[in-house]
Amino acid sequence: MPHVYVSNADSGDISVLHMGADGSLRWQSTVPVGGNLMPMAVSPNQKVLYAVRRSEPMAVASLAIDPVSRDLHLLGEAELPASMAYVSTDLTGRFLLAASYPGHQLTVSPIAPDGTVGPVQQVLPTGPYDHAILPSPCKRYVLATALGGGELMVLHFNADTGQLTPAQSWAARAGAGPRHFRFDPQGRRVYLLHELDGTVDVLAWDADRARLSLLQTMGILPPGFTGKPWAADLHLTPDGRHLYTSERTSSTLAHFTVDAATGCLTAQGHTPVETQPRGFAIDPSGRHLLVVGQLSHHLSRWAIEPYTGQLHLQQRIPVGQGPNWVEILA
């Protein structure tokens, strides 16, 4: 059965939840790690969970995932040179990629055969406020956002050494604030969420030329919105038919359907969710969406209607203090 991991920034621990066949959640364990825990990533072989501490001493913890119980056991920690807002691995699981918001840098760290992260091997200075980093599906590139620099960077990735080399970048609108992004299941498009103006861009991705081009821009803010936009996260359903984005000022999720031919979006409405929804995730079946409230200290589970993509609240469960990141293990 699937298991869910939630990092809790204020209590410095990870909540482990069991997910039943019907999606129902129950608390299983709480794993203390210490410090301001935020971004996480699961290794491609689903044997290790990586969790980043953004307070001193800044580090990434490598936690073994028990093959039967799915509980976590600390394997070790590796020092990081700055506070990292996002981590991921390359598609082989040999390198950990990290983006630092206050450090204005990207880093690469080797991952040993046992899944533990080693000392940082490359630090790449960038524009201001890096916010996300992911490998491209073709394995030849890594993409990363610089919110303050207003760009989505494309970097050559050497799969043998892990070395990153800048290739080019795509410039966003002034003041947009590129934050998180996702590739579509076919690896043909990138969906880029902008934190500061509350929009999402649909970008065509040309892997042969490592080039991005704008197809569409859509707003994610609910009707009657007032205040300062504060977009946080976005995810596609596994079939690529539905896209959801979270916005923290209004505490809502926006829902879009995705045109199969063009990749363009059609707005389908907004759903009020947990207070200050910094992070959420969709399970591998595409039937359940889990969202945490950084100020509500709860996780809520929403059923996703298969055809319409509409959300229906099924369950709320308390987690740790300041939950902000959700990973689901199939």
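This section describes the overall fold, the aromatic pairs and the backbone exceptions of a predicted model.

The protein chain of this predicted model is built without helices: zero helices and 28 strands are assigned along its length. Its C-alpha atoms occupy a box of roughly 45 × 45 × 35 Å when the principal axes are used as the frame. The radius of gyration is 18 Å, which agrees with the value near 20 Å that a compact globule of 330 residues would have. Of the 330 residues in the protein chain, 60% are buried. Among contacts with a separation of 6 or more, 46% are made by residues that lie 24 or more positions apart.

The surface and the charges of the protein chain were also examined. The protein chain exposes about 12600 Å², and carbon and sulfur atoms supply 54% of this area. Its charged side chains comprise 22 positive and 27 negative ones, and the centres of these two sets lie 3 Å apart.

Aromatic rings were then considered in pairs, each such pair being described by the distance of the centres and the angle of the planes. A search of the whole structure finds six aromatic pairs. One of them is formed by Tyr-86 and Trp-325, whose rings are arranged edge-to-face, with 5.3 Å from centre to centre and 80° between the planes. This pair links distant parts of the chain, since Tyr-86 belongs to strand β8 (residues 84-89) and Trp-325 to strand β28 (residues 323-329), 239 residues apart. Both Tyr-86 and Trp-325 are buried.

Another aromatic pair is formed by Tyr-141 and Trp-205, which is likewise edge-to-face, with a centre to centre distance of 5.8 Å and an angle of 85° between the planes. Here, too, distant parts of the chain are linked: Tyr-141 is placed in strand β13 (residues 141-146) and Trp-205 in strand β18 (residues 199-206), with the two positions 64 residues apart in the numbering. Tyr-141 has a relative accessible area of 7% and therefore counts as buried, the cut-off for this class being under 20%. Trp-205 also has a relative accessible area of 7%, so this residue is buried as well. The pair is part of a wider arrangement, in that ring pairs link Tyr-141, Phe-181, Phe-183 and Trp-205 into a cluster.

The backbone was inspected for exceptions to the general pattern, in which most residues other than glycine have a negative phi and most peptide bonds are trans. The peptide bond from Glu-56 to Pro-57 is cis, its omega being near -5°. Pro-57 is located in the loop that runs between β5 (48-53) and β6 (59-65).

Two histidines depart from the pattern in phi. His-104, although not a glycine, has a positive phi of about 55°, and this residue is found in the loop between β9 (95-100) and β10 (105-110). With a relative accessible area of 30%, His-104 is partly exposed. His-297, which is not a glycine either, has a positive phi of about 60°, and its position is in the loop between β25 (288-292) and β26 (298-304). The relative accessibility of His-297 is 22%, and this residue therefore counts as partly exposed, a class that lies between the limits of 20% and 50%.

How values were computed:
Residues are numbered from 1 along each chain as its sequence is written. This is a predicted model: local features need pLDDT of at least 70, side-chain atom pairs count only at pLDDT 80 or more; totals for chains, interfaces and linings use all residues. Side-chain values use heavy atoms; hydrogens and water are left out. Helices (H or I, at least four residues) and strands (E, at least two) are DSSP runs, numbered from the N terminus. The radius of gyration is taken over C-alpha atoms; the globule rule is 2.2 Å times the number of residues to the power 0.38. Buried means under 20% relative accessible area, exposed over 50%, partly exposed in between (1.4 Å probe, protein chains only). Contact means heavy atoms within 4.5 Å. Accessible areas come from the Shrake-Rupley method with a 1.4 Å probe; for residues, only the protein chains shown count as cover. Lys and Arg count as positive and Asp and Glu as negative; His and the chain ends are not counted. The place of a charge is taken as NZ of Lys, CZ of Arg, CG of Asp or CD of Glu. Rings of Phe, Tyr and Trp (its six-membered ring) pair if their centres lie within 6.5 Å; planes under 30 degrees apart count as stacked, over 60 as edge-to-face and the rest as tilted.
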